[in-house]
Amino acid sequence: MEIPSQRFNPSHILIGVILFGIVTIILYDSLPSSAWPWLGQKLSIFATVFLGIFIEALPFLLMGTISSGLVEVFLSDDWLARSAPRRALPAALVGASLGLIFPICECGTVPLARRLFRKGLPLPAGIAFLLAAPVLNPIVILSTATAFGWGRMLLWRLSLSLLIAISVGLAFAIEKDSVHIMRMPLFKVELPVLDHHPANESFLQKIQRAMVISTDELFEMGRYLVLGASLAAVLQTFISQTSLLAIGSGPILSVLIMLALAVLLSICSTVDAFIALGFMGTFSFGSVLSFLVFGPMVDIKSILMFLQVFRRRTVFYLVLLPLLMSLLAGLAFNYFYF
């Protein structure tokens with residue numbers, strides 16, 4: 001049975017533009033003239049932050065969607081079913097190590113993981129891939145080493161990210177029926193047209209089909225990248241980071257503040273090491289480490305993308321478990337290691 005795909009109605013755009021115009025006219029007439037310079041300054045900050053997040057993340061979302069299209073066309077379901085480990089621990093280990101093959105950040109892992117799930121990737125492997133790949137890939141390893149050197153920060157970031165990803169993957173292995181974990185549109189019944197293609201399809205035709213699939217994925221996931229970047233920009237514009245930093249000097253509060261900033265800033269994992277380096281003079285090693293571990297796993301835009309793949313309860317645990325484990329690691333380092 002074919003599940004009809006939901007298409008975005010262009011009339012929604014027109015309605016949104018009209019409502020925006022009405023609100024703008026009302027605000028212009030009701031607000032005092034002294035408020036407009038303040039609003040203009042805030043709008044400038046919002047635009048700068050939004051474009052920074054969006055431009056930073058878009059290339060990696062593109063890499064993820066292209067990888068997704070290539071996986072759909074060239075990766076055989078039978079091969080994946082034969083090759084992927086079925087036992088939970090080996091599956092989670094393999095999933096976590098896939099980041100070395102696909103050097104993409106958190107924006108690109110979601111569409112690729114969804115495609116791999118459709119191909120039959122076991123649940124522990126897919127969960128571990130989602131959480132580990134944004135850190136355990138060559139680009140992020142190199143950027144972290146450039147910022148902090150080939151030392152303890154790099155070692156602990158990679159080790160803790162791998163440990164958390166595998167642990168969460170194993171936690172989800174308890175659920176044997178993936179219907180309770182994933183949204184129903186994930187399964188192949190959603191894509192009957194893509195499953196029927198000529199057996200003698202040429203290489204060029206396969207590439208063209210892969211690009212069509214990639215384009216669909218890009219526009220579908222891109223909406224949530226725009227929404228997530230917008231929310232992050234709003235938070236950064238209207239919540240003073242100076243206020244957050246002022247209360248983040250204690251061994252507990254420093255970790256909590258850095259975890260909050262990891263979600264608030266929504267920085268791409270390929271460059272977050274350089275942002276974290278700027279906090280080293282103010283924050284403890286454990287709090288900065290928790291920022292580097294938790295941020296690539298969970299931020300505003302990735303949560304919105306998770307909701308397109310998993311059920312809400314699943315997303316809740318995908319956020320909560322890495323959060324608690326990152327908090328525990330940060331506190332342990334602050335109290336017992338440094």
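Which residues are buried in H8? I'll come to that list shortly, after some context.

This is a predicted model. The protein chain has 15 helices and zero strands. Of its 338 residues, 46% are buried. If you take the contacts with a separation of 6 or more, 84% of them join residues 24 or more positions apart. The chain exposes about 16900 Å², and 71% of that comes from carbon and sulfur atoms.

Now to H8, which covers residues 152-172. The helix has 21 residues, and at 1.5 Å a residue they should span 30 Å. The C-alpha atoms at its ends are 30 Å apart, so the model agrees with the expected span.

Back to the opening question. The buried residues in H8 are Met153, Leu154, Arg157, Leu160, Ser161, Ile164, Ala165, Ile166, Val168, Gly169 and Phe172. As a reminder on spacing, an α-helix has 3.6 residues a turn, so residues three or four places apart point the same way.

What covers these buried residues of H8? The cover includes helices from several parts of the chain: H4 (88-97), H6 (123-132), H7 (138-148), H12 (272-277), H13 (285-297) and H15 (312-337).

One residue of H12 is worth a look, and that is Phe274. Is Phe274 buried or partly exposed? Its relative accessible area is 42%; buried would need under 20% and exposed over 50%, so Phe274 counts as partly exposed. Setting aside neighbours within four places in sequence, Phe274 is in contact with Ser143, Thr146 and Ala147. Phe274 and Thr144 are 130 residues apart in sequence, yet their C-alpha atoms are 7.6 Å apart in space.

Last, the surface. Leu62, Ile66, Leu70, Phe74, Phe203 and Met211 form a nonpolar patch there, and together they have about 510 Å² of accessible area. Two elements, helix H2 (35-74) and helix H9 (203-238), each give two or more residues to this patch. Which of them gives the most? That is H2, with four residues.

Leu62 is one of the patch residues, and it sits in H2. Its relative accessible area is 38%, which lies between the 20% and 50% cut-offs, so Leu62 is partly exposed.

To recap: 15 helices and no strands, an H8 whose end-to-end distance agrees with the expected 30 Å, and a nonpolar surface patch to which H2 gives the most residues.

How values were computed
Residues are numbered from 1 along each chain as its sequence is written. This is a predicted model: local features need pLDDT of at least 70, side-chain atom pairs count only at pLDDT 80 or more; totals for chains, interfaces and linings use all residues. Side-chain values use heavy atoms; hydrogens and water are left out. Buried means under 20% relative accessible area, exposed over 50%, partly exposed in between (1.4 Å probe, protein chains only). Contact means heavy atoms within 4.5 Å. Accessible areas come from the Shrake-Rupley method with a 1.4 Å probe; for residues, only the protein chains shown count as cover. The expected span of a helix is 1.5 Å times one less than its number of residues. Patches are made of residues with over 30% relative accessible area and no salt bridge: like charges are joined within 9 Å, nonpolar side chains (Val, Leu, Ile, Met, Phe, Trp, Tyr) within 5 Å. A salt bridge is a side-chain nitrogen of Lys or Arg within 4 Å of a carboxyl oxygen of Asp or Glu.
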